[in-house]
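Here is a walk through a structure for anyone who likes to know where the side chains sit. Have a look at the sequence and the coordinates, then read on.

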Amino acid sequence: MELEEIQYTWGQMSLELEKQKRLSKKIILEMMHQKYKNKFSRLLKFELMGALICFVFSGLILYNFSRLDTWYLWVCGIFTLLILLVMPIITLMAIQQIKSLDILNISNKDALIKYTKTKSYLLAIQQFGAYASFPVFLTSMPVMSKILKNKDFFSVSKDIWFYVMIVLFGVGLYFFIKWGIGCYKRITNSAEEILKELDEY
Amino acid sequence: MDKENHFVKIIQENQGLIFKISSIYTQCKSDQEDLYQDIVYQLWKSFGTFRKESKLSTWMYRVALNTALTKEKRRKRSGLKIPIEKVILKQSEAYNTEFEERLKILYHHIHHLNSLDKGLILLLLEGNKYDEIAEISGLTPSNVGTRISRIKNKLKSNISK
């Protein structure tokens with residue numbers, strides 16, 4: 001292909017495009033709608049991966065639950081299971097709810113009000129999940145110690161490095177959670193911006 | 001005409017331009033649709049601040065090319081590379097396989113250029129003069145001239161390979 005031919009083909013393509021059906025107002029609005037949805041699709045993908053990990057751990061605990069042979073291991077096991085099973089489901093449902101807001105068929109003011117409510121709910125769940133991850137971290141240690149090594153975590157002697165590791169892990173967890181909540185806030189705020197811009201439409 | 005209808009009319013009249021920019025900066029249909037949406041969205045966002053000091057086409061090219069370049073940078077950082085699936089023109093009466101083949105070759109050559117060169121060759125192919133290209137790209141007209149002659153040489157050597 002020569003340069004002139006490139007120019008000719010480009011011109012021909014431009015003519016073809018001119019002839020094609022024009023975008024309707026509805027399609028242009030739908031593009032904005034899709035953009036809103038895409039914001040949450042990414043969030044949903046990461047939450048689905050997180051939920052899968054939680055469910056694998058829950059399955060492991062449930063399968064070995066009979067090995068938890070003291071009342072305190074039972075308490076730890078049930079608490080860990082509850083958080084690992086319930087939190088991902090509530091979070092996924094909240095994201096699905098916010099993602100499926102029909103912003104095209106209700107007036108944008110209504111969409112914005114509904115969105116603000118759902119966003120507050122989603123962020124509250126996230127914050128609860130963040131706080132819950134610290135006790136889950138602590139309760140999962142005795143459960144995993146019993147399931148994986150058949151040792152009673154509370155009766156085994158621990159050296160200073162054990163506590164250092166726990167503190168370090170806790171600090172790491174704190175920063176990870178802070179980052180995660182920051183991401184949530186960024187995504188929900190930018191989706192809110194889209195709704196506000198649609199409202200101006 | 002209100003702001004909304006005015007914007008829709010502009011998009012309708014210039015959808016070919018958005019299509020061409022979105023197709024030279026992407027390599028698969030889903031990325032192209034995504035970029036198309038993004039360009040329309042960014043145009044709407046900046047529509048309120050468009051003061052008619054520059055030509056409408058200059059404003060559109062600037063916003064659309066900036067959106068495409070930003071997105072391409074992000075895609076490169078994420079390391080995603082998807083092969084060309086097909087040339088994304090809807091079929092019409094005049095459409096034929098030979099034309100499709102020529103378009104494939106054209107896209108193949110343009111996709112090999114770097115981000116800035118893609119934008120410059122697009123503006124040239126769209127029939128813009130060097131000073132118009134300079135106004136849109138922010139380069140000086142002489143710089144545009146030098147770069148375009150380099151792009152032409154690059155394309156020539158790629159074509160002859």
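What follows is a tour of chain B, its core and its salt bridges, and then some spots on chain A.

Keep in mind that this is a predicted model.

**Chain B in outline**

Chain B is a helices-and-nothing-else affair as far as elements go: eight helices, zero strands. Reading from the N terminus, the order is α-α-α-α-α-α-α-α. How much of chain B is buried? Of its 161 residues, 50% are. The chain exposes about 8,500 Å², and carbon and sulfur atoms supply 49% of that area. As for contacts, take those in chain B between residues at least 6 apart in sequence: 65% of them join residues at least 24 apart.

**The cores**

In soluble globular proteins, nonpolar side chains tend to be buried together. Here, the largest nonpolar core has 53 residues, and the members that touch the most others are B:Ile21 and B:Leu43. Where does this core lie with respect to domain 1 and domain 2 of chain B? Domain 1 (1-92) and domain 2 (112-161) both give residues to the core, so it lies between them.

B:Leu43 is a good place to zoom in. Once you set aside its neighbours within four places in sequence, B:Leu43 is in contact with B:Phe7, B:Ile11, B:Ile18, B:Trp59, B:Met60 and B:Val63. There is also a second, separate core of 23 residues, which includes A:Ala51, A:Ile83, A:Leu101 and A:Leu122.

**Salt bridges**

Side chains of opposite charge can pair when their charged atoms come close. Over all chains, a search of the whole structure turns up eight salt bridges. Here are some from chain B, with the N to O distance for each.

| Salt bridge | N to O distance | Relative accessible area |
|---|---|---|
| B:Lys9 and B:Glu13 | 3.1 Å | B:Lys9 38%, B:Glu13 36% |
| B:Asp38 and B:Lys71 | 3.1 Å | B:Asp38 9%, B:Lys71 13% |
| B:Glu72 and B:Lys118 | 2.8 Å | B:Glu72 7%, B:Lys118 5% |

Start with B:Lys9 and B:Glu13. These two are four residues apart in helix α1 (residues 3-13) of chain B, so about one helical turn separates them. B:Lys9 is partly exposed, and B:Glu13 counts as partly exposed too.

Next come B:Asp38 and B:Lys71, whose side chains meet in a salt bridge. B:Asp38 lies in helix α3 (residues 29-47) of chain B and B:Lys71 in helix α4 (residues 56-78), so the pair ties together parts that are 33 residues apart in sequence. Are these two buried or exposed? B:Asp38 is buried, at 9% relative accessible area, and B:Lys71 counts as buried at 13%. The pair isn't on its own, either: B:Asp34, B:Asp38 and B:Lys71 are linked in a network of salt bridges.

Then there is the salt bridge between B:Glu72 and B:Lys118. This pair links distant parts of the chain, with B:Glu72 in helix α4 and B:Lys118 in helix α6 (residues 115-125) of chain B, 46 residues apart. B:Glu72 is buried, and so is B:Lys118.

**Over on chain A**

A:His33 lies in helix α2 (residues 25-63) of chain A. Its relative accessible area is 11%, so A:His33 is buried. Along the chain, A:His33 and A:Leu101 are 68 residues apart, yet 9.7 Å separates their C-alpha atoms.

Now for A:Ser14, found in helix α1 (residues 3-19) of chain A. A:Ser14 counts as buried because its relative accessibility, 19%, is under the 20% cut-off. Which residues does A:Ser14 contact, leaving aside its neighbours within four places in sequence? They are B:Lys20 and B:Glu126.

Finally, the surface. A nonpolar surface patch of about 1,100 Å² is made by eleven-odd names you can pick out on α2 and α3 (71-99) of chain A, the elements that give two or more residues to it. The patch includes A:Phe55, A:Leu62, A:Trp71, A:Trp74 and A:Val75, and its area is about 1,100 Å². The largest share, nine residues, comes from α3(A). Helix α3 of chain A is also the place of A:Leu85, which is one of the patch residues. A:Leu85 is partly exposed, with a relative accessible area of 32%.

Definitions and conventions. Residues are numbered from 1 along each chain as its sequence is written. Chains are lettered from A and ligands numbered from 1 in the order in which they are written. This is a predicted model: local features need pLDDT of at least 70, side-chain atom pairs count only at pLDDT 80 or more; totals for chains, interfaces and linings use all residues. Side-chain values use heavy atoms; hydrogens and water are left out. Buried means under 20% relative accessible area, exposed over 50%, partly exposed in between (1.4 Å probe, protein chains only). Contact means heavy atoms within 4.5 Å. Accessible areas come from the Shrake-Rupley method with a 1.4 Å probe; for residues, only the protein chains shown count as cover. A nonpolar core is a set of buried Ala, Val, Leu, Ile, Met, Phe, Trp, Tyr and Cys residues joined through side-chain atoms within 4.5 Å. Domain bounds come from an automatic or database domain assignment. Patches are made of residues with over 30% relative accessible area and no salt bridge: like charges are joined within 9 Å, nonpolar side chains (Val, Leu, Ile, Met, Phe, Trp, Tyr) within 5 Å. A salt bridge is a side-chain nitrogen of Lys or Arg within 4 Å of a carboxyl oxygen of Asp or Glu.
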